[in-house]
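Hi everyone, thanks for squeezing me in today. I'd like to walk you through one structure, so let me put it up on the screen.

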Amino acid sequence: MHTEESKFEVFVSGFSSTVEEWRRALKAPASELPRLNQEQRDVAKKFGISEQEYARGYLAGLYGQERLRQRGTELGKAVEGILAGLAPGHRLSAMVAEVTKLRWVARIHTPEKPVNVAIPRELADDIVDSNTIQDQEKLKVLVLTSLGHPGLISKR
Amino acid sequence: MLLAGEFVLFQLSPEGQQALAGLFPARFSAYVVHEDELGVWILTAMEAVSQTDPVETDKPGKAVPVTLLKRQYFSTAVVDIDAQTLAEMAVSSLG
């Protein structure tokens with residue numbers, strides 16, 4: 001299996017969190033709260049909220065980043081599975097979550113050049129949450145087309 | 001810039017302070033659940049922790065009250081943003 005050999009990195013930019021993560025952060029013990037930097041402390045003071053309240057919001061974002069890292073790892077494994085069927089020299093080097101653009105970017109090294117494949121978040125979520133044959137097929141079409149190998153897409 | 005899914009600090013506009021007097025102070029923090037053409041739909045910390053059950057957002061039939069904050073009611077929103085996102089936004093704004 002390719003999973004033991006996975007060497008790609010996962011980068012997450014942004015602090016998007018779910019309601020449940022925010023709620024978890026609100027109930028976290030004070031000892032688990034992240035330290036704020038000077039800018040964050042200044043903003044909290046300016047807005048008249050406590051540093052602890054600010055830190056809880058920030059912690060929710062960190063929970064969200066961790067969740068996205070895990071999802072990026074799952075998605076990356078699916079991309080690696082597709083690359084495994086190609087000629088040697090195709091390698092996934094990183095999965096990048098672009099939260100504000102609602103997409104993941106797979107950085108793939110090919111024998112010719114590096115290629116970035118943008119995966120819409122909707123498809124990424126389907127792969128991680130459902131992973132049906134149809135979802136896998138959509139991802140395969142997207143990756144192979146982006147790499148310039150549309151001829152390898154199986155016809156049904 | 002998307003605010004949904006973010007912990008946000010809001011500064012109400014003068015119009016917002018007048019319309020929301022007694023509901024929100026001039027500056028407050030909230031979690032933005034959703035964002036649309038009307039404004040942002042927010043959940044405050046008090047609303048979130050006052051619920052005894054976990055907020056199961058994927059459970060049909062589970063009601064979670066959120067509040068609409070119209071766009072004209074806030075003048076400033078502050079969110080944390082990491083350096084990479086900031087750099088990407090700066091580049092894209094340059095065209």
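Let's start with A:Asn131, which has 13 C-beta neighbours inside 10 Å; a residue is buried at 20 or more and exposed at 12 or fewer, so A:Asn131 counts as partly exposed. Before I go on, please keep in mind that this is a predicted model. So where does A:Asn131 lie? You'll find A:Asn131 in the loop between α4 and α5 of chain A. Its backbone is worth a look too: A:Asn131 is not a glycine, and yet its phi is positive, at about 55 degrees.

There is another residue like that in this chain. A:Leu102, again not a glycine, has a positive phi near 55 degrees. A:Leu102 sits in the loop between β2 and β3 of chain A. With 13 other C-beta atoms within 10 Å, A:Leu102 is partly exposed.

Those loops lead us to the sheet of chain A. Its 4 strands are in the order β1-β2-β3-β4, the sheet is open, and the pairing is mixed. Which strands stand at the edges? They are β1, residues 9-13, and β4, residues 114-120; each has a single partner strand, so one side of each is left without a neighbour in the sheet. On average, and ignoring direction, neighbouring strands here are turned by 20 degrees against each other. If you follow β1(A) to β2(A), residues 91-98, you'll see the two run parallel, joined by 5 bridges. As one landmark, A:Val10 stands opposite A:Met95 in β2(A).

Now for the helices around that sheet. α3(A) packs on the sheet and touches β1, β2, β3 and β4 of chain A. The direction of α3(A) makes about 145 degrees with that of β2(A). Then there is α4(A), residues 121-129, which lies across β3 and β4 of chain A and runs at about 80 degrees to β4(A).

Stay with α3(A) for a moment, as we'll meet this helix again with two partners. Let's take α5(A), residues 133-146, to begin with. The axes of α3(A) and α5(A) come within 10 Å and cross at roughly 65 degrees, and the crossing is right-handed. Which residues meet there? From α3(A) we have A:Ala78, A:Val79 and A:Ile82, and from α5(A) we have A:Leu139, A:Lys140 and A:Val143. By type, this contact has 5 nonpolar residues, no polar ones and 1 charged.

The other partner is α1(A). Here the axes of α1(A) and α3(A) come within 8 Å and cross at roughly 135 degrees. The two helices are therefore oblique to each other, and their crossing is also right-handed. On the α1(A) side you can pick out A:Glu21, A:Trp22, A:Arg24, A:Ala25 and A:Leu26. They meet A:Arg56, A:Leu59, A:Ala60, A:Tyr63, A:Gly64 and A:Arg67 in α3(A). This contact divides into 6 nonpolar, 1 polar and 4 charged residues.

Let's turn to chain B. How many helices and strands are there in chain B? There are 3 helices and 5 strands, and from the N terminus the order is β-α-β-β-α-β-β-α. Chain B has 95 residues, and 25% of them count as buried. If we take contacts in chain B between residues at least 6 apart in sequence, 63% join residues at least 24 apart.

The sheet in chain B is open, with 5 strands in the order β4-β3-β2-β1-β5 and antiparallel pairing. At its edges stand β4, residues 67-70, and β5, residues 74-78; each has a single partner strand, so one side of each is left without a neighbour in the sheet. Neighbouring strands of this sheet are turned by 50 degrees against each other on average, direction ignored. Inside it, β1(B), residues 7-12, and β2(B), residues 27-35, run antiparallel and are joined by 5 bridges. One pair to click on is B:Gln11 with its bridge partner B:Arg27 in β2(B).

Finally, how do the two chains come together? The contact takes 22 residues from chain A and 22 residues from chain B. On the chain A side, the elements giving two or more residues are α1, α2 and α3. That side of chain A divides into 9 nonpolar, 9 polar and 4 charged residues. Thanks for listening, and I'm happy to rotate the model for anyone!

Notes
Residues numbered from 1 in each chain as written. Chains lettered and ligands numbered in written order. Predicted model: local features only at pLDDT ≥ 70, side-chain atom pairs only at ≥ 80, totals over all residues. Contact = placed C-beta atoms within 7 Å. Nonpolar A, V, L, I, M, F, W, Y, C, P; charged D, E, K, R; others polar. Axes fitted to C-alpha atoms, helices over the stretch in contact; angles between N-to-C directions. Left-handed = near helix turned anticlockwise from the far one by under 90°. Pairing = 2+ DSSP bridges. Parallel < 35°, antiparallel > 145°, perpendicular 65-115°, else oblique.
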